[in-house]
Amino acid sequence: MSAEFFDALETRAPAERDAALLAALPAHIARAQQHSPAFAQILQGVDAGAVTTGAALARLPVTRKSELLARQQASRAAGKDAFGGFATTTYGALMQRVFASPGPIYEPEGVAADYWRTGRALFAAGFRAGELAHNAFSYHMTPGAFIMESGARAVGCTVFPAGTGQTEQQLQAIAELRPAGYMGTPSFLRILLEKAAEAGADVRSLSKAMVSGEACPPSLRDWFAERGVAAFQSYATADVGLIAYETAAREGLVLDEGVLVEIVRPGTGDVLPEGEVGEVVVTVFNPDYPLIRFGTGDLSAILPGACPTGRTNTRIKGWMGRADQTTKIRGMFVHPGQVAEIVKRFPEIARARLVVSGAMADDRMTLRVESAAAEGLAQRVGDAIRDVTKLRGDVEVVSLGSLPNDGKVIEDARSYE
């Protein structure tokens, strides 16, 4: 570690980084095919040695969290592997913990140091060797606390495993142990600081925080700063670990060095250009749990340019909502993938948005499509709507660039009052 960066990887030339990650893809995919029964099936027929470019990666199927859960449930119901065939190791020396996320989805933790790669994010937030970190993520079943603890240890911090709740005892521990940093949700940090002010507890040792698990808007970040705590966000999931992290520049989130991230149109695997809002799809180079083109279900967009701190990796805007916009209309589920299927039939459509309006029991759906060629298009698209969704819908042709760039493919604008 240098004084400014966690390691030299953060300041590599972008071309060097891209080349290194793409060069690692063939062996990573081959290992997944050989040792992960799930990916042996998902990637059946794929020539791993040919996946050496971003375009080749983009041709592989996206595995979304819903599919991961379904495979795990089917495997467990059959009395087989609890991980649904995605893990390449099993209980014992190479798997130190198992966690449960809502579903439940079970995630393994291997034995590699800083397994979740969060040391990089904590270093960017100012955590340093020789400090005490107060870890207020839950240690119960879910991996959040361990994700942060492994990163703190990688930086060289000692960790106080505070967990959640017991506010008074936590304030006492902060006052007596004097940790330099907090790790946990932003909402609980606010509770701690408010209670400390009410009780006169000394929490002045806290000068920084790594917050995650929920949104931390600029207004709340400023509230923390007014009380002497510099709060930084990280974007991590139980499936892939760290994806991106905030820096002192406060301009989006910088991607982790151990992942390949694509932004795709929700419901598809189609990669979107820079600036377009879409679903975050991650390929993580984890030999124990080699998720390839894993759809997180989260929305974001790639920011132009590099981070002013000198970190050269790509930046994303941060969490911008959920990509799974499946909606029930007149008793039928309509999925973003169905909207994508309709659009693919018409090359003249640049972008589309299905708007569901009306009151309960009076659903109306309108597919708004951006196109320069409007003549006869509405009728043909309307026919495609009925063919794909088995429902009737109106079509509105709008000018190019008029639909919001927010990643929404289906907008539920119904009144539920």
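Two strands count as paired here if DSSP finds at least two bridges between them. I start with that because the sheet in this predicted model is described through such pairs.

The sheet first. It is open, with nine strands in the order 5-4-6-7-8-9-10-15-14, and the pairing is mixed. At the edges stand strand 5, residues 158-161, and strand 14, residues 302-303. Each has a single partner strand, so one side of each has no neighbour in the sheet.

For strand 5, that partner can be followed down to the residue. Strand 4, residues 132-135, runs parallel to strand 5, and four bridges join the two. Which residue of strand 5 is the bridge partner of Ala 133? That is Val 159.

A helix also lies against this sheet. Helix 8, residues 186-199, packs on it and touches strand 6 (181-184) and strand 7 (208-211). The direction of helix 8 makes about 135 degrees with that of strand 6.

Next, helix 6, which covers residues 144-155. Its twelve residues reach 17 Å from first C-alpha to last, close to the 16 Å expected at 1.5 Å a residue. Several residues of helix 6 are buried, among them Phe 146, Ile 147, Ser 150 and Gly 151. In an α-helix there are 3.6 residues a turn, so residues three or four places apart point the same way. Just after helix 6 comes Gly 156, with a positive phi of about 110 degrees.

Last, the annotation. An unreviewed UniProt entry assigns residues 151-282 to "domain: AMP-dependent synthetase/ligase". In the model, that span is 30% helix and 30% strand, and its end C-alpha atoms lie 20 Å apart.

Conventions
Residues are numbered from 1 along each chain as its sequence is written. This is a predicted model: local features need pLDDT of at least 70, side-chain atom pairs count only at pLDDT 80 or more; totals for chains, interfaces and linings use all residues. Side-chain values use heavy atoms; hydrogens and water are left out. UniProt positions are given in the numbering used here, feature names are shortened, and annotations may be inferred rather than shown by experiment. The expected span of a helix is 1.5 Å times one less than its number of residues. Buried means under 20% relative accessible area, exposed over 50%, partly exposed in between (1.4 Å probe, protein chains only). Contact means heavy atoms within 4.5 Å. Axes are lines fitted to C-alpha atoms, for helices over the stretch in contact, and angles run from 0 to 180 degrees between N-to-C directions.
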